[in-house]
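Biologist: I should like to learn how to read salt bridges and burial in a protein model. May we work through an example together?

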Amino acid sequence: MQKRSIVLLILLLIGAGYFILFWFPNSTGAQDFNMTFIFEQDEPAQYPHVIRRLEIRDTIPQTLYRVFAYQHYYFGFPYYVYSALVLLPARLSAGWESISLNMLLLRQFVNTLPMIAAILILVYLQTRFESYLKSISLFVILLAVPAVVFNNMWIHPDSLVFLFIVLTFFFLDKDNLRFGKSFYLAALFCGLAVATKLIGLFFFLAIPYYIFLGWRQARIDTRKALIVATSFVGIMFSVFVLANPFLFWASERAFAWKTQSDLHDAMGGGFIVAYNNSPLLWLQVIEKWYGLLIFVLLAVVAVVIGAFKGEKRLLNQLIAFWAFPFMAYIAVALVIRAKHFPLPILLPVFSALPAYFTFFALPPFTNPLGGYIKKNGLRLVMSIAGFAIVGAQVFYSLGRDSSMIQENIHREETSPSIQFYAALEQDYLSKIVLDRQLVIFRDVMMYVPNEPRYDDHFKWGVSNYDIALKNNPDVLIMNKQHLYDYTQPGQLETASDPDFALTIQFYNDILNGTVAGFTQAYQDDFGIVYASTPLYDHFFSTP
């Protein structure tokens, strides 16, 4: 076998083992649908929209409309249709009703698998599989980034859109300024990235630079440059529209625009109340989820070196034109500092590490030792420093990764929300005997199982008396930290919700034990429970 084939085989085996590893944590945390709320609330927000893609309606037009007009336009149709295809075999089998199985399949095949594929392609782009050490080391380093490990353990479109982004780089690299079929395939995958999560638009500098470079090197003349630029934008836009069929309905276009506009406003100002906007706070996110800041700096240096030296200059230039403006945007414009936002930025930057070690590689040893060291002292110091930093990063990553995986494997046993429900059920809910369902209003993060005896309700975000009492609940189950978060001094002045004063009143009443028509039944450090006063008097008041 050729060396490249052997390297590829080794990486595929590592990737397969990595995929299997996540089967264990990804099989937990979804014994029923309500359980998914208490671990990652994005999952239950998205899961029903995936399921609806596979439901059969009364008529074919109704079925097609609900398939295409899915009305959760935070993310594009490619994500939802791919997720539905992942669940199609389960839909055709007896295991369709298993939330646990469905969530496992989505986490594994929508997040873990595309991430492995994207990182494998990145490693190929930077090493061409020509070195065992560089290829295997880079593959392991990227797979072990804590944000990658976290992202492998939920359902979200980030892995899929990252794969489209990497494929855009792949075809641009393959095209190598020839402006042939590969260039237009890059436009196709860039369009899919935009169609899935809009972030493909951050190629706005990389693509013009690529075309300009072709023009400057006389690969194309001015007329051809204008043609290929127009063609790239045309293909990207066409893919965006065709990959999101809901755009053909005016009402759905308006709904999608409002969804994205509201999301943009929230990302720039904060959900419900204003968030602190400081770019330096991103350093905390990066250090916790991506690695030691000295390692990040090393990777940035590697991109810069790779952009000016070595065989991968064009690739690393494109990465720089992609990553640096994107990072500047999220640092300045976004106050929501989600851990997964820098994934498509920093992973390509990290992939440039081989450029650093190639640049500072030591020449073959020659005698005498003193003369060799004197001549190559700087290279030796920089190489040792680089290896030390990468070693520290791997040690840091593996520690964080092991902890996260173990936590997810045992999260059902250790969840304070599940433990809170167990105590509440044993001492209170089991003693309430009604000839109807028990009506519950709860915070999203408070677990109540999907059982026929419960009619439970919740609201995303914050609530107030009107919202909580809308369905005449028998029981209120609230999370204390949620109550504390939104009753801090100064919250009212920064709130975007005109009814936020009603929220503060409701939450303060809960904390102070003065909820009209309700009596406090149970509380601990995690949660607090109220029962309607007639129900409490009937079942829990001592004679």
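Biologist: Is arginine 128 buried or exposed?

Modeller: Three words are used for this: buried means under 20% relative accessible area, exposed means over 50%, and partly exposed lies in between (1.4 Å probe, protein chains only). Arginine 128 has 18% relative accessibility and therefore counts as buried. Please note that this is a predicted model, in which local features need pLDDT of at least 70 and side-chain atom pairs count only at pLDDT 80 or more, while totals for chains, interfaces and linings use all residues. Residues are numbered from 1 along each chain as its sequence is written, and side-chain values use heavy atoms, with hydrogens and water left out.

Biologist: With which residue does the side chain of arginine 128 meet in a salt bridge?

Modeller: A salt bridge is a side-chain nitrogen of Lys or Arg within 4 Å of a carboxyl oxygen of Asp or Glu. Here arginine 128 meets aspartate 173, at 2.5 Å from N to O. The two are 45 residues apart: arginine 128 is in the loop between H6 and helix H7 (132-143), and aspartate 173 is in helix H9 (residues 158-175). Helices (H or I, at least four residues) and strands (E, at least two) are DSSP runs, numbered from the N terminus. Aspartate 173 is buried too, because its relative accessible area is 16%.

Biologist: How many salt bridges does the count come to?

Modeller: The count comes to 10 salt bridges. One of them joins glutamate 43 and arginine 107, whose closest N and O atoms are 3.0 Å apart. This pair links helix H3 (residues 42-52), which holds glutamate 43, to helix H6 (residues 99-127), which holds arginine 107, across 64 residues. Glutamate 43 counts as buried because its relative accessibility is 1%, and arginine 107 is likewise buried at 1%.

Biologist: Which residues are linked with Glu425 in a network of salt bridges?

Modeller: Such a network links Glu425 with Glu451 and Arg453. Within it, the side chains of glutamate 425 and arginine 453 meet at 2.9 Å, N to O. Glutamate 425 is in helix H21 (residues 416-427), whereas arginine 453, 28 residues apart from it, is in the loop between strand E1 (438-442) and strand E2 (454-457).

Biologist: Is arginine 453 buried or partly exposed?

Modeller: Arginine 453 counts as partly exposed because its relative accessibility is 33%. Glutamate 425, with a relative accessible area of 18%, is buried.
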